[in-house]
Every structure is written in structure tokens, then in C-alpha cells.
Amino acid sequence: MKIFVISLSRSTGRRDLITREMAKTELDFEFFDAVDGVKGEHPLFQKYDEARAKWQGGAGLNAGELGCFASHYLMWQKCIELDEPIFVFEDDVLIPDNFYDVFTLLDEVLPRYEYIKLGRGRLRSLWPVGEFVEEESLGPLQIVKYMRQTDCAHAYALTPSAAKRFVKNASSWIHPVDDYMDKEQLSEVLQFGVEPRYVFQRGEDSDIKQTIDENTKKKKLSTIKRIRREYYRYRDKYACNWINYCYWFKHKTGLFK
């Protein structure tokens, strides 16, 4: 499985850091030049539906978030083009010392899950299920099915079948890329990962996302806009919850076996 690190070509300091991190693994990797939102237009930015993003969320995506979405989108296309699974890192990760051992086990299990996150944000619980459903072991880790959104897209493995669905359902961009990937009702890709939490970030945003513009600045929303934003937030939450209640029920009753 090929490993790609998404990184801006101008981020030489970050590239030096991730190169040293990857040296610990003795695994080959390639830099994938990220789309630099600061530079302005990119053909993929035409997929951004600013009016809808502001209608549903109260604020649009900033240039950095657009660059981040475009970079991951191009990675999904790369996976489809290669017609083989790939592993994707962002350039701000801390790679565990035993990553080689875990990575070599992915080839066997990935076809069963299609998409596995090796890094995540905070866990959220789905009553009465909990934060996740355990699937099987991956060396010292446990593959799990997350029951709620876990944020972040800094370390994941995916197959061409998952990449095709990510691409197909991203015809209109209204959410940051990690939100879109987590919203299973939109992406049609189930969110699997590993526990305990494995690949961490260095505690700083990727350069790809570090852009402040008019869409990023905190603005006071009117009452109507806040109500509308909460409506869409809960609509998405309950749609995703329904998917995971169904998954949990099938898992509990043995329908997946």
C-alpha cells in the first residue's frame, strides 16, 4: 500500500518534520502537493456551493478549508486512478514507534472495511450504544465502528471503492472535508477506526487550513440564522444516528456474521 503525505510545497519546515517522523517507520512515502487555497482559484473550487454553505452553517468555508478539501479530493481520485488501496497522512502528525507493525496488518483487513481512520478527534457517545462498536483486533489495536462523528482526517487508509463514493457524493462542497467524510449519510462511507487513539497531531492546524478571511471571522448571527443552523445540525446528527443504530442492531443480532 502506497503512503502519501499531503503537504504544501512551500511548507519546507513541516516537510522536514514529517520526513524525520517517517524515517522511524522505514516505510517509503511520497509527498502529495496540497492545493494552496491562499493562491486563489483552483478548478475544483467550482464545486464549492457558498450560498448553501452559508444558508446551512451560517458561515462559508475559508480558502484554507477549500484547499484542504481539494487536496483530499485529489487523493481520492489518485486512489481510484491507481486502483489500489492507499494510506493518507497530513503533514502535522506524530507517528507511533510501532507504526510499521500496524501498517503491515492493514492490507489484510482493509478490504472488509474500505475506510479506516488511524487518527481521530474527540469521541462522542450514542445512547445506549456508547462511542463505538468493536470489530476485530489489529495488532495491539482494536478496529471499531464509530457511532458518532469523530472529526479530523490526518491519517487514514482507504480502498478504491470507498474513494469512488467519496468522490461521487462530493459534487457540492458545503462542509469542511473532515465533516463531509464523517457524515455517513452524505458520503455513504462508513466510519471505522482504531482504538485506543493512535496517530496524533502535533497540536497545530495544518498549513493547508491556516487561512483567515471573511468567512473565518467570528460574526454574530441573527436569531433566524442561528435557528436555521441548529436545524441543519440536528438534521445531520439524527440522519447519521439512524445509520449507526441500524448498524448496531445488525451487529448485535449477528446479521453481519
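**Exercise 1. Is Glu114 buried, partly exposed or exposed?**

Before solving this one, keep in mind that the model here is predicted.

Step 1: find the residue. Glu114 sits in the loop that runs between helix 4 (99-113) and strand 5.

Step 2: look at its accessibility. The relative accessible area of Glu114 is 21%.

Step 3: compare with the cut-offs. Buried means under 20% and exposed means over 50%, with partly exposed in between. Glu114 has 21%, so it counts as partly exposed.

**Exercise 2. Find out what is unusual about the backbone of Glu114 and Asp83, and place Asp83 in the chain.**

Step 1: recall the usual pattern. Most residues other than glycine have a negative phi.

Step 2: check Glu114. Its phi is positive, about 75°, although Glu114 is not a glycine.

Step 3: check Asp83. Here phi is near 60°, again a positive value in a residue other than glycine.

Step 4: place Asp83. You'll find Asp83 in the loop between helix 3 (63-82) and strand 3 (86-90). With a relative accessible area of 58%, Asp83 is exposed.

**Exercise 3. Track down two cis peptide bonds and say where their prolines lie.**

Step 1: start from the general rule. Most peptide bonds are trans.

Step 2: take Trp127 and Pro128. The bond joining them is cis, with omega at about -5°. Pro128 belongs to the loop between strand 5 (115-117) and strand 6 (132-138).

Step 3: take Glu195 and Pro196. The peptide bond from Glu195 to Pro196 is cis too, and its omega is near 0°. As for Pro196, look in the loop between strand 9 (192-195) and strand 10 (200-201).

**Exercise 4. Describe the surroundings of Leu158, Asn244 and Glu30.**

Step 1: begin with Leu158. Leu158 lies in strand 8 (residues 155-158). It is buried, because its relative accessible area is 0%. Setting aside neighbours within four places in sequence, its contacts include Trp76, Cys79, Leu110 and Phe166. Glu114 from the first exercise is also among the residues that Leu158 contacts. Gly13, on the other hand, is 145 residues away in sequence from Leu158, and their C-alpha atoms are 28 Å apart.

Step 2: move on to Asn244. This residue is part of helix 8 (residues 223-253). At 0% relative accessibility, Asn244 counts as buried. Leaving out sequence neighbours within four places, Asn244 is in contact with Leu126, Lys145, Tyr146, Met147 and Glu184. Asn244 and Asp49 are separated by 195 residues in sequence and by 28 Å in space, C-alpha to C-alpha.

Step 3: finish with Glu30. Glu30 is in strand 2 (residues 30-33). Its relative accessible area is 39%, which means that Glu30 is partly exposed. Not counting residues up to four places away in sequence, Glu30 touches Lys2, Ile3, Phe4 and Val5. Ile6 is 24 residues from Glu30 along the chain, with 8.8 Å between the two C-alpha atoms.

**Exercise 5. Work out how many disulfides the chain has, using Cys68 and Cys240 as test cases.**

Step 1: set the test. A disulfide needs two cysteine sulfur atoms within 2.5 Å of each other.

Step 2: try Cys68. The closest cysteine sulfur to the sulfur of Cys68 is in Cys152, 10 Å away, so the pair is too far apart for a bond. Cys68 is buried, with a relative accessible area of 3%.

Step 3: try Cys240. Its closest cysteine sulfur belongs to Cys246 and is 11 Å away, which is too far for a bond. Cys240 is buried as well, at 8% relative accessibility.

Step 4: give the total. The count comes to zero disulfides.

**Exercise 6. Put together a picture of the whole chain.**

Step 1: list the elements. The chain has eight helices and 10 strands.

Step 2: test the overall form. A compact globule of 257 residues would have a radius of gyration near 18 Å; the chain has 18 Å, so the two agree. Along its principal axes, the C-alpha trace spans about 50 × 50 × 30 Å.

Step 3: look at inside and outside. Of the 257 residues, 50% are buried. The accessible surface is about 12700 Å², and 52% of it belongs to carbon and sulfur atoms.

Step 4: see how far contacts reach in sequence. Among contacts with a separation of 6 or more, 80% are between residues 24 or more positions apart.

Step 5: tally the charges. There are 39 positive and 40 negative side chains, and the centres of these two sets lie 9 Å apart.

How values were computed
Residues are numbered from 1 along each chain as its sequence is written. This is a predicted model: local features need pLDDT of at least 70, side-chain atom pairs count only at pLDDT 80 or more; totals for chains, interfaces and linings use all residues. Side-chain values use heavy atoms; hydrogens and water are left out. Helices (H or I, at least four residues) and strands (E, at least two) are DSSP runs, numbered from the N terminus. The radius of gyration is taken over C-alpha atoms; the globule rule is 2.2 Å times the number of residues to the power 0.38. Buried means under 20% relative accessible area, exposed over 50%, partly exposed in between (1.4 Å probe, protein chains only). Contact means heavy atoms within 4.5 Å. Accessible areas come from the Shrake-Rupley method with a 1.4 Å probe; for residues, only the protein chains shown count as cover. Lys and Arg count as positive and Asp and Glu as negative; His and the chain ends are not counted. The place of a charge is taken as NZ of Lys, CZ of Arg, CG of Asp or CD of Glu.
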